[in-house]
Every structure is written in C-alpha cells, then in structure tokens.
Amino acid sequence: MNKTDLHTHSTVSDGTLTPTELIKKAAEIGLETIALTDHDTIEGIGEALEAAKAFPNLEVIAGTELSSLYKDREIHIVGLFLDLTNKEFVSALEDLKEKRIKRNKKMINKLRGLGLDLSYDELLSVSGGKVVTRAHFARLLQEKGYAESKNEAFLKYIGAGKPGYVKREVLTAEKAIALIKTGGGLPIIAHPFAYGFNIDELEQMAADFSFWGAVGMECYYSTHTEEETLLALSLCRTYDLLPSGGSDFHGENKPGLELGTGYGGLEVPRQILDDLKVKKYGKKIS
C-alpha cells in the first residue's frame, strides 16, 4: 500500500478524526509518513506530534492548507515542513482565523434571515470549537432538517451565490505563498484540476505560482486520472516545481476516500518525499 500521504485533515478543520485518531489510523494501516494539513491552521499539529510518540515508525510533517485568491478563484496551497515556533507566521494564521469567524457569523445571520433557526453556538458545537468551514454549516443544516444531505445544503443555501453564502476574505496567492515561506514551509499547489482551468490556464497558474515561490504541485491526488497525473508531472518539469501528493483525507466528510490510498488507486512514490526533503533541508534526510 501507499506509505506516504502529504495531504490530510482532522477535526481541527473539516475532518472527522481528531489528530490523535488520525495518527493512530495512519500507524494501523502502515503509513510511514503523514502530513497534517488542516485548513488555515496548525492548531492540531502539537496533538498529532504527541500522538506519534507512540508510533516511532511514523513520521508526522507539520502542514496546513491555505486558501488563496487567484484570477477570481479560490486556490488552495498546501504548506509542508512548517516551523511552529515562527511568531510572524502564527500571528498571521490567527488573523486568518478571526476573519473566518467574522464571515461565519455573517453567514449565520443571513441564514437566520431566511427563517432558519440556527445559532453560532450550534455551529461551534458541530465543529468542536475549532476552525469552522462550510462543511460544518452543511452538517448543521442537515441535522436541523433544512437539507436532506450536505450536498443539498450547499446547493440550496451555502454554495457560492446561494442566499446564505458570504464571500470569505482570503490572501492573494502570492501572499499565501510568501506566508508559508515565512513559516519555513514549502508551498505546494493543491489539487490543480479542482479549479476548472483549461490547459492554458493551468500552465499560466504553474508559471505564476513558480515565479512567486511555490516549490511544488500535487500530481498524485485521489481524484486524478492517469492523464491528469501525467499532465501535472509535465507542468512540474516545465515550471521547475516538485511533484507532491496526498489523499486529502477528511474521514466521513468524504465517504469512500481512504487515508493513504484515496479511492483505492492512489500511491505517492517515496521519491516524492525524498525530493521535497532535499528542497527543505538542502540534503537528503532519511
């Protein structure tokens, strides 16, 4: 099975396993390396590192997944090998968290204005009090009977352009890349085929992000076809980016998508991790 997974989520953002549970699961299925990359936060990394002490054969990489704006689209950038002690980086993440809180409260007010009996406290209860995402809104709407499924909640209320939606303040892609580098991390373009770009636009994104300091792109990803993986690898070669990859595991919030193997066929080559470590540390690290 695949022994490397460089894109995962816990309950600290929109996953359904706690960092401790995620690390335990990773060890149980035989992963050797896992990166915890919760949205716009590193709050779960400490717990994950502590849990990993019980599994000496499992390496935990400190990561995050930042939302950014590029050509009027929200693009996600994974940061790997972060310095958790960098005060400037940590402070910037706190600022992003505050902006997210303000946006979530505005969304609650809009939904209440539609006649839905929802409260911010209920939303926090659903999320566990950590980073709240629209996935938590969807779960709350489903639990309260306003939507039959999470997908319907997005289609009816909280998807872009829907009556309960509020656009979130996010960093530009250039600033998000710079922030990850401030935190000592490697900026990686996440799931490049998720944004609806055509081939020319993908090339332009790869060129722009590389110019701004991104070091990699997710070529190995749960939903990629073989053709998409090959195209991503080609873009990496052309624009001086390193391949990366991961499942984007969210637990029950992405049914059927498993840690390490995605929908069954995902495998992130060990060489990917080795090359990223050379980029980070300037030498091969075992």
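Select D5 and H7 to begin: a polar atom of the D5 side chain lies 3.3 Å from the backbone nitrogen of H7, a polar contact being a pair of N or O atoms within 3.5 Å, one able to donate a hydrogen and the other to accept it, with residues adjacent in sequence counted only if both atoms are side-chain atoms. The model is predicted, so local features need pLDDT of at least 70 and side-chain atom pairs pLDDT 80 or more, whereas totals for chains, interfaces and linings use all residues. Residues are numbered from 1 along each chain as its sequence is written, and side-chain values use heavy atoms, without hydrogens or water.

Next, add G260. The D5 side chain reaches the backbone nitrogen of G260 at 2.8 Å. The C-alpha atoms of D5 and G260 are separated by 5.3 Å, although the two residues are 255 apart along the chain.

Now display the surroundings of D5. Leaving aside residues up to four places away in sequence, D5 touches ten-residue company that includes L31, T33, I34, G245, D248 and L259; contact means heavy atoms within 4.5 Å. D5 counts as buried because its relative accessibility is 0%, where buried means under 20% relative accessible area, exposed over 50% and partly exposed in between (1.4 Å probe, protein chains only).

Colour by secondary structure to place D5 in strand β1, residues 4-8. The protein chain has 10 helices and 8 strands; these are DSSP runs, helices (H or I) of at least four residues and strands (E) of at least two, numbered from the N terminus.

Finally, show the whole chain: 50% of its 286 residues count as buried.
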